[in-house]
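User: Got a minute to walk me through this one? I'd like to begin with the charges.

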Amino acid sequence: MKEKIKERKYSWGKFKRELPLHLMILPGLILVIIFSYIPMSGLIIAFQKFIPSKGMFGDQKWIGFDNFSYVLSLPGFTRALRNTVIIAFWKIILGLLIPIVFALLLNELKSRFFKKTVQTIVYLPYFMSWVVLGGIFLDMLSPSGGVINQLLTYLGGDSIFFLGDNRYFRPTLIVTEIWKNFGYGAIVYLAAILGIDQGLYEAAQIDGANRWRQTWHITLPGMRMIIVLMMVLSLGNVLNAGFDQVFNMYNTAVYETGDILDTFVYRLGLIDAQYGPATAVGLFKSLISTLFISVSYFLAYKFADYRIF
Amino acid sequence: MRKKSKGKLAFDVINFSILFLLSFLCLFPLLNILAMSFSDSTSVAAGKVLLFPVGFNTYAYQYVLAKSAFWLSLLRSFERLAIGVPLNMILTIMLAYPLSKEAAAFRMRTVYVWIFFFTMLFSGGLIPGYLLIQNLNMMDTIWALVLPIAVPVYNVILMLNFFRGIPHELEEAALIDGANQWKTCFKIYVPCAKPSIATLTLFSLIAHWNSWFDGLIFSNFPDSYPLASYLQTVVVRRDMSLLSLDDWKTMAMVSDRTVRCAQIFIGIIPIIIIYPFVQKYFVKGMTLGSVKG
């Protein structure tokens with residue numbers, strides 16, 4: 001009995017102590033409810049014949065899965081889905097591989113100064129937007145006077161319309177994406193390499209292991225955890241082909257290979273004002289992405305003991 | 001040390017060359033644009049400009065700076081930074097502090113964390129987000145650009161993990177001294193977390209500066225574009241209004257191409273200015289949340 005009273009007193013004190021914590025969270029909570037959770041509930045538009053003038057939660061007509069079957073009948077949808085998966089797949093694979101190789105090569109550099117300089121330079125593109133980079137590549141890759149095509153013709157080749165030719169558009173997207181991100185992507189691997197016990201290398205040298213064997217038997221195993229983690233987390237990007245990049249680099253000539261789900265939703269919804277069908281595509285994408293992200297976090301937690309909070 | 005073997009030496013040379021080439025490839029596009037923006041239009045058209053300006057002049061910049069649309073959008077961007085970045089930071093701190101508490105000290109903590117974390121997993125996507133801004137009558141206002149991204153959940157998680165690393169004794173000592181939660185947060189935790197706060201501020205600054213799509217879709221009138229959206233229309237979409245012939249172009253002092261190069265370069269100046277500060281911190285900031293091991 002006595003103990004219970006003590007506990008209740010404690011609870012009251014606890015509540016008084018916790019109240020400011022609730023108050024601190026309140027503004028952020030309200031913003032997240034308005035700008036994240038209300039749009040989530042707005043996904044019901046996917047099941048309505050949506051008329052904008054009636055308002056977002058107005059008295060709209062429910063049409064079940066009609067928007068979905070309409071979208072499926074559009075040739076643009078399957079095309080966009082296929083392009084999204086293909087582009088995202090190559091970006092994920094090369095986006096994992098190249099930063100690892102780059103980190104290993106950088107680690108072999110003896111000169112600290114050169115190492116620092118290389119790092120400073122290769123991280124830079126990551127911080128630039130695809131508007132700026134799109135503008136730069138549009139200029140560089142132009143078939144008339146772009147510096148890349150000048151080089152090609154100078155070397156005796158034909159000039160290539162990288163951003164207007166369906167054979168070249170996807171590789172161009174993938175290469176420029178890697179160009180932007182490989183340096184920044186290497187940071188986590190470099191950090192892992194720094195964490196490897198230097199004594200292991202000394203022991204290996206005494207045993208006569210050359211640098212290749214040291215990399216294979218010490219550095220790579222030392223990076224194993226972070227490599228597994230990055231592989232697993234990249235699963236969440238299966239439907240992320242990179243809207244910012246594609247939007248700033250594509251044109252009608254390359255819709256066949258370059259139109260992705262996000263750009264498809266943009267045109268269907270905001271240009272053609274077909275809100276219902278566009279939301280249906282958006283819901284489809286959100287659901288699959290959520291599934292993959294959840295699975296990736298779960299696997300990361302399971303195999304790499306990764307906890308984000 | 002033994003003398004280097006031939007194989008080792010060859011590897012060092014090749015490795016050095018590869019990394020040198022990679023660095024060059026990362027820098028070349030930027031230098032090329034910079035050089036063209038300061039060159040005369042005929043040399044640019046003739047493809048003579050690579051790394052250094054040919055026929056140095058600043059006409060392209062004068063041309064860009066003479067446009068009122070440019071200044072309007074720049075002003076808009078500054079307005080966005082002035083409101084958006086402090087808002088991001090204050091919310092990040094105010095959320096990270098309570099959420100960094102153990103569930104024993106703050107019972108609702110886990111519920112709140114999941115409410116915020118869930119927004120990283122699932123989202124309403126483009127159309128509902130657009131319709132919301134329209135229904136809230138926020139089109140063409142600065143609020144459409146700052147409020148939807150006011151809570152940077154990923155930054156909150158980074159900050160939260162940093163706060164957790166601060167020794168408990170500090171908080172207990174503050175409590176005994178009679179400090180309340182607000183004081184403990186802002187007088188003890190925030191000063192301890194200065195490097196993290198600096199990193200996240202720079203990241204928020206870059207995100208707001210670079211953000212272009214929201215400005216594009218949440219504006220009915222080009223007058224309310226921030227600079228990034230303005231650049232999208234003139235550099236990428238190449239609006240016809242810019243291609244009009246005027247005195248500058250008829251006299252061949254500038255061409256569309258040199259003007260675009262100047263606009264691109266102006267767009268990255270702020271990034272280049274704050275980049276050295278970012279670099280000082282970001283390795284720490286990146287590894288902070290992701291590899292706690």
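User: How far apart are the mean positions of the positive and negative charges of chain A?
Analyst: They sit 10 Å apart. Chain A has 28 positive and 19 negative charges. Keep in mind that this is a predicted model.

User: And the surface. What is the accessible area of chain A, and what share belongs to carbon and sulfur atoms?
Analyst: About 15,500 Å² is accessible. Carbon and sulfur atoms hold 66% of that.

User: How many helices and strands are there in chain A?
Analyst: Chain A has 15 helices and two strands.

User: Spread out or compact?
Analyst: Spread out. The radius of gyration of chain A is 26 Å, while the globule rule gives 19 Å for 309 residues, so chain A is more spread out than a compact globule. Its C-alpha trace spans about 75 × 70 × 30 Å along the principal axes.

User: What percentage of chain A counts as buried?
Analyst: Of its 309 residues, 52% are buried.

User: What about contacts in chain A with a separation of 6 or more: what share comes from residues 24 or more positions apart?
Analyst: Those account for 64%.

User: Switching to chain B. Why is helix α13 of chain B called largely enclosed?
Analyst: Because ten of its ten residues, 227–236, are buried. Buried here means under 20% relative accessible area.

User: Which residues are they?
Analyst: The buried set in α13(B) includes Leu227(B), Tyr230(B) and Leu231(B). Polar names are there too: Ser229(B), Gln232(B) and Thr233(B). Val234(B), Val235(B) and Val236(B) are also among them.

User: Which residue with a positive phi follows α13(B)?
Analyst: Arg238(B), with phi near 55°.

Conventions:
Residues numbered from 1 in each chain as written. Chains lettered and ligands numbered in written order. Predicted model: local features only at pLDDT ≥ 70, side-chain atom pairs only at ≥ 80, totals over all residues. Heavy atoms only, no water. Helix = DSSP H or I, 4+ residues; strand = E, 2+ residues; numbered from the N terminus. Rg over C-alpha atoms; globule rule 2.2 N^0.38 Å. Buried < 20%, exposed > 50% of the residue type's maximum accessible area, 1.4 Å probe, protein only. Contact = heavy atoms within 4.5 Å. Areas by Shrake-Rupley, 256 points an atom, 1.4 Å probe, with all protein chains shown as cover. Lys, Arg positive; Asp, Glu negative; His and termini not counted. Charge placed at Lys NZ, Arg CZ, Asp CG, Glu CD.
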